[in-house]
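Me: I've got a model here that I'd like to talk through. Can you take a look with me?

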Amino acid sequence: MNNIIPIETSNQIDSLNLNINQPLIISDADEVIFLFLKGFEKFLKSKKLYLDLAKARLTGNIKKISDNEPVPDDTMTKLLPEFFLKETKKLEPVINAQNCLKNLSKKSQIIVLTNIPYKDRKSRVEALKRNNMNYPVITNSGLKGPVVSKICEKMRAPVFFIDDLGQNLESVKKEYKKAICIHFLQDERLEKLMMTPSNIKHRLTNWLEVENLINQEILFYENKK
Ligand SMILES: [Mg+2]
């Protein structure tokens with residue numbers, strides 16, 4: 001993976017208007033703000049398929065309901081674009097995401113950084129609006145570290161990064177060391193499967209805990225000033 005930021009992503013970053021002295025929360029969407037896995041499983045069911053979560057991998061584990069036979073490895077790459085196109089608008093929010101983000105927005109700036117195709121950005125924006133989470137959305141592809149580092153180039157206040165994927169957390173920690181990274185695992189099954197990278201301190205399973213942690217860190221920052 002290289003450090004080149006897709007042009008669409010970099011244009012979206014340019015259109016942000018950040019206050020470098022106010023805390024910033026950069027949150028993933030799928031599995032953090034929206035119930036991605038539940039939505040994806042519903043979508044698979046409509047195709048008479050299911051995701052076998054017995055092993056710690058999401059790709060290559062799609063099986064037929066009829067005979068439990070796995071479908072070819074490239075099925076995931078074919079199904080995901082169709083899923084994002086048809087289902088992004090309909091995904092249900094994660095419990096407490098809306099009210100906790102609303103509380104946090106009193107002191108912090110919030111950005112949603114999501115790895116979905118740029119052409120599906122509008123659906124994501126609409127779904128967030130419909131669920132009263134009208135925050136700036138940046139779409140990306142690839143690891144999120146270079147993007148977070150670009151967004152935060154001039155930031156002086158604390159930056160929080162929330163994601164369910166260890167690779168993104170590691171990438172952000174590498175490219176923007178100051179980030180306070182939170183590994184967020186709200187689905188009990190994924191929580192059992194996913195390891196947290198050793199350099200990531202926080203592993204949380206609900207938004208109330210996230211709100212608490214961020215408030216504590218902001219308080220600490222304000223007292224230091
Ligand atoms: Mg995610």
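Me: Which strands do the buried residues of H5 pack against?
Reply: Keep in mind that this is a predicted model. Helix H5 spans residues 121-130, and its buried residues are Arg124, Ala127 and Leu128. They cover an arc of only 100° around the axis, so they sit on the same side of H5. What that buried set packs against is strand E4 (109-114) and strand E5 (137-139).

Me: And which exposed residues does the face of H5 turned away from its buried side carry?
Reply: Take Lys122, which lies in helix H5. Lys122 has 12 other C-beta atoms within 10 Å, and 12 or fewer counts as exposed, so Lys122 is exposed. The full set on that face is Lys122, Glu126, Lys129 and Arg130.

Me: How far apart in space are Lys122 and Tyr221?
Reply: In sequence, Lys122 and Tyr221 are 99 residues apart. Going C-alpha to C-alpha, the separation in space is 35 Å.

Me: Which residues touch the most other members of the largest nonpolar core?
Reply: That core has 46 residues, and it draws at least three from each of domain 1 (7-35 + 92-224) and domain 2 (37-89). Ile26 is one of the residues you're after. Leaving aside neighbours within four places in sequence, Ile26 is in contact with Ile111, Leu113, Val148, Ile151, Val159, Phe160 and Phe161. The whole list is Ile26, Ile33, Phe34, Val148, Val159, Phe160 and Phe161.

Technical notes:
Residues are numbered from 1 along each chain as its sequence is written. This is a predicted model: local features need pLDDT of at least 70, side-chain atom pairs count only at pLDDT 80 or more; totals for chains, interfaces and linings use all residues. A residue is buried if 20 or more other C-beta atoms lie within 10 Å of its own, exposed if 12 or fewer, and partly exposed in between; C-beta atoms are placed from the backbone. Helices (H or I, at least four residues) and strands (E, at least two) are DSSP runs, numbered from the N terminus. The arc is that of the directions from the helix axis to the C-beta atoms. Two residues are in contact if their C-beta atoms, placed from the backbone, lie within 7 Å. A nonpolar core is a set of buried Ala, Val, Leu, Ile, Met, Phe, Trp, Tyr and Cys residues joined through C-beta atoms within 7 Å. Domain bounds come from an automatic or database domain assignment.
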